[in-house]
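Hi there,

Here is the structure I promised to pass on, with my notes underneath. Have a look at it first, and then read on at your leisure.

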Amino acid sequence: MLGQLTCARAALAVIVTTTSMIGCGEAADEASSAAGGGPAGGTTDAAPTDDFAIGQPRAGVEGRLRVAIQEATPAPPARDLNDWLIAVSDPDGSPPSDCTVAVGLFMPAHGHTSTTEPVIRPGDTPGQFHVDEMNLFMPGRWEITFDLVCGLLTDQVVFGVEIAR
Ligand SMILES: [Cu+2]
């Protein structure tokens with residue numbers, strides 16, 4: 001299982017590497033000018049949506065699986081290391097069997113991932129996973145993407161979170 005987790009994260013990292021050659025500041029400038037029409041001032045308030053909520057299942061992009069954040073330290077998420085306890089469920093709310101989870105951390109405005117890999121391990125109950133040491137090292141909006149494989153079901157659940165200065 002650990003091998004699968006590692007491979008999935010490595011694939012995400014490869015995708016991002018091609019766009020992360022520019023420094024953070026330059027990438028941010030390009031992103032804001034390319035977007036056009038957005039607010040010129042401020043660097044972290046372009047996308048006000050924040051999906052962080054304890055205990056509210058969030059649907060995957062395919063509608064097959066869901067993820068709820070059961071515990072978060074700190075809460076709400078803050079700069080540097082964040083530990084979450086998540087629960088994977090199907091649309092009926094039942095825990096699917098035989099799940100593996102990979103997580104990707106990405107700052108869309110800057111085009112980069114995190115610098116270190118989170119540590120994932122199963123929780124005490126089916127569908128539950130500890131996702132520890134998510135390194136959200138910069139203020140701004142991060143996308144925390146869970147790639148889920150539960151038996152024959154696959155899905156992807158994305159949480160956008162705003163990290164304050
Ligand atoms: Cu950044």
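**The five-stranded sheet**

Please keep in mind that this is a predicted model. Five strands make up an open sheet with antiparallel pairing, and their order is E1-E2-E3-E7-E6. Strand E1 (58–59) and strand E6 (119–122) are the edges; each has a single partner strand, so one side of each is left without a neighbour in the sheet.

Strands E3 and E7 run antiparallel and are joined by seven bridges. If you want a place to look, Leu85 stands opposite His130 in E7. On the E6 side, His130 is also the bridge partner of Arg121. E6 and E7 pair over four bridges, again in the antiparallel sense. These two strands form a hairpin with five residues between them, and Gly127 in that turn has a positive phi of about 85°.

**The four-stranded sheet**

There is also an open sheet of four strands, ordered E5-E4-E8-E9, with antiparallel pairing. Here strand E5 (112–113) and E9 stand at the edges with a single partner strand each, so each has one side without a neighbour in the sheet.

Going through the sheet from E5, two bridges join E5 to E4, and the two run antiparallel. Met107 has His112 in E5 as its bridge partner. Next, strand E4 (residues 99–107) pairs with E8 over eight bridges in the antiparallel sense; there, Val103 has Phe146 of E8 as its bridge partner. E8 is then joined to strand E9 (residues 153–163) by 11 bridges, with the strands running antiparallel. One spot to check is Asp147, which stands opposite Gln156 in E9. The hairpin of E8 and E9 has two residues between the strands, and Gly151 in this hairpin takes a positive phi near 60°.

**Strand E8 and Trp142**

Strand E8 (residues 140–150) deserves a visit of its own: eight of its 11 residues are buried, which leaves the strand mostly covered. Trp142 is found in this strand. Is Trp142 buried or exposed? Trp142 counts as buried because it has 25 C-beta neighbours inside 10 Å, and the cut-off for that is 20 or more.

Setting aside neighbours within four places in sequence, Trp142 is in contact with Leu105, Phe106, Met107, Leu136, Val161 and Ile163. Of Met107 we can add that, although 35 residues separate it from Trp142 in sequence, the two C-alpha atoms are 4.6 Å apart in space.

**The nonpolar core**

In soluble globular proteins, nonpolar side chains tend to be buried together. In this model, the largest nonpolar core has 27 residues, and those with the most contacts inside it are Ile86, Val88, Val101, Val103, Val131 and Leu148. Which strands supply at least two residues each of this core? They are strand E2 (66–73), strand E3 (80–89), E4, strand E7 (128–136), E8 and E9. E4 gives the largest share of this core, with six residues.

Leu148 is a good residue to click on here. Leaving aside its neighbours within four places in sequence, Leu148 is in contact with Gly60, Leu65, Val88, Cys99, Val101, Thr154, Asp155, Gln156 and Val157. Two of these contacts, Val88 and Val101, are themselves listed with Leu148 among the residues with the most contacts inside the core.

Happy browsing, and best wishes!

Methods: Residues are numbered from 1 along each chain as its sequence is written. This is a predicted model: local features need pLDDT of at least 70, side-chain atom pairs count only at pLDDT 80 or more; totals for chains, interfaces and linings use all residues. A residue is buried if 20 or more other C-beta atoms lie within 10 Å of its own, exposed if 12 or fewer, and partly exposed in between; C-beta atoms are placed from the backbone. Two strands pair if DSSP finds at least two bridges between them. Two residues are in contact if their C-beta atoms, placed from the backbone, lie within 7 Å. A nonpolar core is a set of buried Ala, Val, Leu, Ile, Met, Phe, Trp, Tyr and Cys residues joined through C-beta atoms within 7 Å.
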